Amino acid sequence: MRSDLAFANGAANRGKEMMVFDWDKAARLIKEMKPEIASAGLADDWEWTGGMIYDGKPVMDDYTYLSSTWATPEISIDDEVFDCYIMSGQTEWNCATKWPQSALDILEGKNESV
């Protein structure tokens with residue numbers, strides 16, 4: 001997305017609640033689908049926000065920016081893209097969150113009820 005359009009979208013949505021990447025949902029999808037790789041990013045802005053989050057194991061060091069008031073956080077698994085977010089008021093996660101313990105526990109089968 002062009003930076004001027006991103007800026008305009010951000011300004012138009014100022015004050016709205018943030019959509020934040022849902023790491024627990026991502027972990028459940030990865031566990032269910034068993035992909036080799038998975039990536040995450042913001043809809044219509046993957047070029048600037050997206051990156052690999054799973055490569056046979058959680059990827060902790062690839063860049064991602066996964067919260068927005070206007071662009072939906074998504075996960076890409078085996079060429080399928082899924083909306084994957086939770087509202088910021090429902091979690092302590094933010095754009096800097098990377099594989100919180102609850103999501104790691106889901107991947108390891110330690111928290112089947114989540």
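Begin by selecting helix α2 in this predicted model, and look at what covers its buried residues, which includes β1 (19–21), β2, β3, β5, β6 and α4 (101–107). The buried residues of α2 itself are Trp23, Asp24, Ala26, Ala27, Leu29 and Ile30.

Keep α2 (residues 23–33) on display and add the strands β2, β3, β5 (73–77) and β6, across which the helix lies while running at about 15° to β5. At the N-terminal end of α2, show the side chain of Asp22, which acts as the cap: one of its side-chain oxygens lies 3.1 Å from the backbone nitrogen of Asp24. Just after the helix, select Lys34, where phi is positive, at about 50°.

Now turn to the sheet alone, an open arrangement of 4 strands in the order β3-β2-β5-β6 with antiparallel pairing. Because β3 (51–55) and β6 (80–83) stand at the edges and each has a single partner strand, one side of each is left without a neighbour in the sheet. From one strand to the next, the twist averages 25°. For a closer view, select β2 (residues 37–42) together with β3, which pair in the antiparallel sense over 4 bridges, and find Ser39, which stands opposite Met52 in β3.

Next, colour the largest nonpolar core, a set of 22 residues in which Phe21, Trp23, Ile30, Ala38, Ile53, Ile75 and Trp99 have the most contacts. At least two residues of this core are supplied by each of β1, α2, β2, β3, β5 and α4, and the largest share, 5 residues, comes from α2.

Within that core, centre the view on Trp23 and show its surroundings: leaving aside neighbours within four places in sequence, Trp23 is in contact with residues including Ile53, Leu66, Trp93, Trp99, Pro100 and Ala103.

Finally, select the aromatic rings, of which 2 pairs are found in the structure. The centres of the Phe21 and Trp23 rings are 4.7 Å apart and their planes stand at 75°, so this pair is edge-to-face. Phe21 is buried, with a relative accessible area of 1%, and Trp23 is likewise buried, with a relative accessible area of 1%. Trp23 also forms a tilted aromatic pair with Trp99, at 5.0 Å centre to centre and 55° between the planes. This pair links distant parts of the chain, since Trp23 belongs to helix α2 whereas Trp99 sits in the loop between β7 (85–87) and α4, 76 residues apart. Trp99 counts as buried, at 3% relative accessibility. Shown together, Phe21, Trp23 and Trp99 are linked by ring pairs into a cluster.

Methods: Residues are numbered from 1 along each chain as its sequence is written. This is a predicted model: local features need pLDDT of at least 70, side-chain atom pairs count only at pLDDT 80 or more; totals for chains, interfaces and linings use all residues. Side-chain values use heavy atoms; hydrogens and water are left out. Two strands pair if DSSP finds at least two bridges between them. Axes are lines fitted to C-alpha atoms, for helices over the stretch in contact, and angles run from 0 to 180 degrees between N-to-C directions. Contact means heavy atoms within 4.5 Å. Buried means under 20% relative accessible area, exposed over 50%, partly exposed in between (1.4 Å probe, protein chains only). A polar contact is a pair of N or O atoms within 3.5 Å; within protein, one must be able to donate a hydrogen and the other to accept it, and residues adjacent in sequence count only if both atoms are side-chain atoms. A nonpolar core is a set of buried Ala, Val, Leu, Ile, Met, Phe, Trp, Tyr and Cys residues joined through side-chain atoms within 4.5 Å. Rings of Phe, Tyr and Trp (its six-membered ring) pair if their centres lie within 6.5 Å; planes under 30 degrees apart count as stacked, over 60 as edge-to-face and the rest as tilted.
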